[in-house]
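Colleague: I'd like to learn how to read a ligand site from a model like this one. Can we go through it together?

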Amino acid sequence: MSDIQVPEKPTEVTHLIKGKWEAGNSESYSVHSPYSGSIVGEGKGADSSLVDKAVTAANEAQKAWANTPLKERTGVMFKLREILLRDIDKIAKVVSVENGKTLGESKAGIMKGVEVLEYAISLQNLDSGAKMEVSRGVFCEYRREPLGVIANITPFNFPAMVPMWTLPIAITLGNSYVWKPSEKTPLTSLYIGEAFKEAGLPNGVLTILNGGVETVNAIIDHPFVKAIGFVGSSKVAKLVYSRAAALGKRVLALGGAKNHIVLLPDADPEIAGRGISDSFTGCAGQRCMAASVLLAVGDTQKQIDAIVTRAKSLTLGKDMGAIITKEQVDFLNQAITRAEEAGAKVILDGRDATAPKGFEGGYWLGPTILDGVDPGSEASKVELFGPVISIVRVESISEAMKIENENEYGNACSVFTTNGALAEKVVSSASAGMVGVNIGVPVPREPFSFGGVNHSKFGHGDITGTNSLNFWSDMKKVTTKWESQKDSNWMS
Ligand code: NAD
C-alpha cells in the first residue's frame with residue numbers, strides 16, 4: 001500500500017510576481033496526479049502582457065539585489081536551507097502527488113537541491129575574486145557581476161531538484177530569476193516560492209510564471225531577459241536554444257538522453273544487480289541519468305539474472321512510482337510491443353503489473369527488461385523515458401563502445417567491472433559528459449558540475465557546480481593605476 005494521499009480538491013496554480021501570487025490570463029490547463037489520474041491542480045498560463053509585467057518587476061528588483069553584498073545575499077540562502085529542511089516532508093508529498101515519485105525519491109531530490117544551496121552559500125568563501133599587482137603600481141582584478149534578469153525553464157521529472165540546480169546559484173550571484181516550471185508539475189513551485197519569500201528574498205528577485213509554450217516564448221523574447229537555462233527533451237532544448245541564440249542571448253539547454261551501461265563478465269553480480277536495476281527503475285525510469293541500454297559483453301548471465309531478480313521484487317506504489325501521463329504509459333506499452341516485433345525477448349514484462357490498491361486510475365507500468373535487442377532498433381536508440389532497459393549482447397568492449405559512441409545523446413555512461421584497466425578503457429572512450437564506474441546513476445555531487453555532451457546539451461558549460469558560475473555571471477576585468485607610479489611602461 002502506498003503512503004501517498006491525493007487531495008480531493010485541485011489547487012489553483014498561480015504566478016509569483018513582485019512577491020504576490022496572481023492568477024493567470026492565458027490558456028487553461030489541469031494537473032493530473034500520476035498516482036490516481038485525478039485533477040490536483042488547475043491554472044491559466046501567462047501571456048506576453050503578464051510576462052512583461054513580471055519581468056519588468058524582476059528587472060527593477062535586480063538592481064537593489066545586485067547592490068546587496070554577497071555575504072548578505074547568502075544570508076537568505078542560509079535561512080532557505082532551514083526552511084526546506086523543516087518542510088521537506090510537506091514539499092516531498094506535493095512532488096509525489098503531482099509527479100508520481102515515491103516519497104523517498106521526492107525527498108532525495110529535495111536533498112540534492114539543498115546540496116546545491118550549500119554550494120551557493122559557500123560562494124561567499126570560495127568566490128572572493130582575484131587581485132594582483134601585474135606591473136609596478138598596476139593592479140589587475142576580477143570582479144564577478146550578475147547578468148540582470150535570467151530565466152529557467154524546467155521539466156516535469158524533477159519538480160524540486162532541477163529548479164534547485166540553478167535557483168540558489170543564479171540568485172546568490174545577484175541575478176533576478178524567472179522560473180517557468182513544467183505545466184505537468186507546477187504545484188511544487190508554489191511551495192518553493194513561499195519558502196524563498198519566508199527566507200526574506202526581496203520581492204521580485206524570484207518570479208514564477210506557470211504555463212506552456214506561449215509563456216516560454218514570451219520569456220525568451222523579453223528584452224530584459226539576458227540568459228536562459230533550459231532542462232527538458234532534446235527536441236525542445238534545440239528550439240529554445242535556437243530562439244534564444246538568434247536574439248543574441250546566452251543560453252544553456254540540457255536535453256534528453258539514452259544512457260548506456262557496459263556490463264563486463266567480471267562484475268560483482270550483487271553490485272551490478274542492484275546498481276543497474278535501481279538505475280532503470282528509480283523514479284520509474286523518468287530520469288535523464290537512468291540506464292536505458294545495457295551493453296552486455298560476453299557471458300554476463302549471472303549479473304543479468306541478479307538484475308531481473310531485483311527488478312522483479314519491486315512493488316508498484318511502494319518501491320516504484322507512477323508514469324507522468326496516460327499517453328506516456330500508452331507510448332511505453334506500444335514501444336515494448338514494437339521491440340518484441342523487432343525480435344527482442346521480454347524477459348520481465350511490466351505491462352502485466354498490477355496497480356497499487358486504491359490507485360487503479362493511475363498511470364502504471366512495471367519494470368521491463370528486453371533482451372537480445374538489435375542495436376539499430378528503436379528500443380536501443382530512442383529515449384523511451386520509462387522503467388524499460390534494453391539488453392544488447394556484444395562480444396567485446398570495442399563493440400560496446402562503438403554502439404555507445406554512435407548514439408546521438410551524451411549524458412551518462414557507466415561500466416560495471418572489478419578490473420580497473422578495463423574500467424578506464426570505458427571511461428576514456430565514452431561519449432558522455434558524466435561517466436560512472438560501478439555506479440548506476442553517475443550524477444556528480446557538488447561542487448562537481450552536472451552536464452552532458454552531444455545532443456544532451458545545446459550551449460556551453462554545465463548547469464551546476466563550479467562550471468556554472470561563468471554562465472550565470474560576467475567577469476569584469478579591472479586594471480588600475482594610481483598616482484604612485486607615473487612612469488610609462490609597455491602597457492601605457
Ligand atoms: P519537455 O521538453 O517536454 O518540457 C520541458 C519544458 O519545456 C517544460 O517547462 C515545458 O513547458 C516546456 N516546453 C514544452 N514544449 C515546448 C515548446 N515547444 N517550446 C517551448 N517550451 C516548451 O520535457 P519534459 O517531458 O518535461 O521532461 C522530460 C525530458 O527532459 C526528457 O527528455 C529528459 O531526458 C529531459 N531531462 C534532461 C535533463 C538533463 O539534465 N539533461 C534533466 C531532466 C530531464
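Modeller: Sure, elements come before anything else: helices (H or I, at least four residues) and strands (E, at least two) are DSSP runs, numbered from the N terminus. Here helix H7 (213-221), strand S11 (225-231) and helix H8 (234-246) each give at least two residues to the shell around the ligand. This is a predicted model, where local features need pLDDT of at least 70, side-chain atom pairs count only at pLDDT 80 or more, and totals for chains, interfaces and linings use all residues. Residues are numbered from 1 along each chain as its sequence is written, and side-chain values use heavy atoms, with hydrogens and water left out.

Colleague: Which residues come nearest to the ligand?

Modeller: A residue is near a molecule if one of its heavy atoms lies within 4 Å of it. Of the 28 residues around the ligand, the nearest are Thr154, Glu183, Ser233, Gly255 and Glu383.

Colleague: And what lies 2.6 Å from an oxygen atom of the ligand?

Modeller: Look for polar contacts, pairs of N or O atoms within 3.5 Å; within protein, one must be able to donate a hydrogen and the other to accept it, and residues adjacent in sequence count only if both atoms are side-chain atoms. That 2.6 Å partner is a side-chain N or O atom of Ser233. Gly255 has a polar backbone atom 2.8 Å from a ligand nitrogen, and a backbone N or O atom of Phe156 is 3.0 Å from a ligand oxygen.

Colleague: Is Asn259 buried or exposed?

Modeller: Buried means under 20% relative accessible area, exposed over 50%, partly exposed in between (1.4 Å probe, protein chains only). Asn259 counts as buried because its relative accessibility is 3%. Asn259 belongs to strand S13 (residues 259-263), and a polar atom of its side chain lies 2.9 Å from the backbone nitrogen of Ala412.
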